[in-house]
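Colleague: Hey, got a minute to go through this one with me? I'd like to talk about the empty spaces inside.

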Amino acid sequence: MSLIIIKTDGFSYRSQILLDLREYTAWSPKDNITPDCQELFDTDQYCLIKDPESQPSSVLIGDSHANHFYFGLIHAHSLVGDNLLMIGAGGCPPLLGIKQGFAHRYGIDLRCYERMESTYKGLIEKTKVKRVFISFEEETLLDLNNSPVDVTNEIDFKKNRLEALVDTVTRMQDFFESHGATLIFIEDMPNVSFDIWERCLWQKNSFSRCAGFLEITGNHRLYQSFLDRLSESGVSILRTSHVLDKVEIFNEEQKKLMYRDGHHLTKLGSKK
């Protein structure tokens, strides 16, 4: 019986709604990286560019959360005419000069510094991008079980994690500005109870009967303090979470869903 359960994904086939949902929220490999972008910028996980025939004029760097914001940014009115490049690595906040070390959440050292530092710096130094958007999932960096290290020894993450993160971002801002680019920090969207909602859909096979199970669960408890300190330090922040004041996470009648799991947006959600 256990073998049958594994092969049928825990009886999820009994819920047609759940199967349809998983098809709707599927994220294609080409939504992460395209061959033409990979060839141009030699990265291994995330690489998308609006027009591979032209130099990027803006760049979005970060992890999978930066990746999901790409689809909204390329349609943003303020970026009309821009050639946006998105580049990054999963689980790797794009903090220059910082070794993330062992990430307890993932159970591994993702070697973010070794994989992405020279790529990010080279991109800024060799291209003439006007804007650098940065975005990342904040849990790993705000988790005090992890021990990031500044390779220059200028910033002490052990003394005050929040201030160390602010100092790191403002140092990056100085670096970008020295190369003629403006830094814009994208506020991360709050997490939602997607897994609880999915379990309800599996059990009841009904969106209406599970309506109350998909809720906002929020960000890390220190995240808003971090954003406030960034703003006080002169960093430009693109606020995003206010969208959920006006838009439902899921609209059954219109078949519109903002999230594809507990912390990643659908393309529709990104474009909102």
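Modeller: Sure. Keep in mind that this is a predicted model. The lining of the largest cavity is made up of Cys92, Pro93, Pro94, Leu95, Leu96, Ile98, Gln100, Cys112, Tyr113, Met116, Glu117 and Tyr120.

Colleague: Which helix gives the largest share of that lining?

Modeller: Helix 5, residues 112-126, which supplies five residues of the lining.

Colleague: And how many nonpolar, polar and charged residues are in the lining of the largest cavity?

Modeller: There are 10 nonpolar residues, one polar and one charged.

Colleague: How much space lies in there?

Modeller: The largest cavity holds about 70 Å³.

Colleague: OK, and how many cavities of 30 Å³ or more does the count come to?

Modeller: Two. The second largest cavity has about 40 Å³ of space, and around it sit Gln100, Gly101, Phe102, Ala103, Thr140, Leu141, Asn146 and Pro148. Strand 5 (102-103) and helix 6 (139-142) are the elements that give two or more residues to that lining.

Colleague: What about the classes in the lining of the second largest cavity?

Modeller: Four nonpolar and four polar residues, with no charged ones.

Colleague: Let's switch to pockets. How much space lies in the largest pocket?

Modeller: About 290 Å³. Its lining counts 16 residues, and Leu238, Thr240, Val243, Ser270 and Lys272 are the ones nearest the centre of the pocket.

Colleague: Which helices supply at least two residues of the lining there?

Modeller: Helix 4 (64-73) and helix 10 (267-271) each do. By class, the pocket lining splits into eight nonpolar, five polar and three charged residues.

Colleague: Zooming out, how many helices and strands are in the chain?

Modeller: The protein chain has 10 helices and 14 strands. Its C-alpha trace spans about 55 × 45 × 40 Å along the principal axes.

Colleague: And what does the radius of gyration agree with?

Modeller: With a compact globule: for 272 residues that would give a value near 19 Å, and the protein chain has 20 Å.

Colleague: How much of the chain counts as buried?

Modeller: 50% of the 272 residues. The accessible surface is about 13800 Å², and carbon and sulfur atoms account for 50% of that area. As for contacts, take those with a separation of 6 or more: 70% of them are between residues 24 or more positions apart.

Colleague: Can we look at one residue up close? Where is the place of Ser236?

Modeller: Ser236 is in strand 12, residues 236-238. Leaving out residues up to four places away in sequence, Ser236 touches Gln173, Leu183, Ile184 and Phe185. Phe185 is 51 residues away along the chain, yet the C-alpha atoms of Ser236 and Phe185 are separated by 6.2 Å.

Colleague: Why does Ser236 count as partly exposed?

Modeller: Because its relative accessibility is 35%, and partly exposed covers what falls between under 20% and over 50%.

Colleague: Last topic, backbone oddities. What is the phi of Asn153?

Modeller: Positive, at about 60°, although Asn153 is not a glycine. Asn153 lies in the loop between strand 8 (149-150) and helix 7 (161-178). With 69% relative accessibility, Asn153 counts as exposed.

Colleague: And what about the phi of Asn205?

Modeller: Asn205 is not a glycine either, and has a positive phi of about 50°. You'll find Asn205 in the loop between helix 8 (194-204) and strand 11 (216-218). With a relative accessible area of 35%, Asn205 is partly exposed.

Conventions: Residues are numbered from 1 along each chain as its sequence is written. This is a predicted model: local features need pLDDT of at least 70, side-chain atom pairs count only at pLDDT 80 or more; totals for chains, interfaces and linings use all residues. Side-chain values use heavy atoms; hydrogens and water are left out. On a 1 Å grid over the protein atoms alone, a cavity is a set of points where a 1.4 Å probe fits but cannot get out, and a pocket is an open set with protein on both sides within 12 Å along at least five of seven lines; lining residues have an atom within 4 Å of a point. Grid points are joined across faces, edges and corners, and a volume is the space filled by probe spheres set on the points. Helices (H or I, at least four residues) and strands (E, at least two) are DSSP runs, numbered from the N terminus. Ala, Val, Leu, Ile, Met, Phe, Trp, Tyr, Cys and Pro count as nonpolar, Asp, Glu, Lys and Arg as charged, and the others, Gly among them, as polar. The radius of gyration is taken over C-alpha atoms; the globule rule is 2.2 Å times the number of residues to the power 0.38. Buried means under 20% relative accessible area, exposed over 50%, partly exposed in between (1.4 Å probe, protein chains only). Contact means heavy atoms within 4.5 Å. Accessible areas come from the Shrake-Rupley method with a 1.4 Å probe; for residues, only the protein chains shown count as cover.
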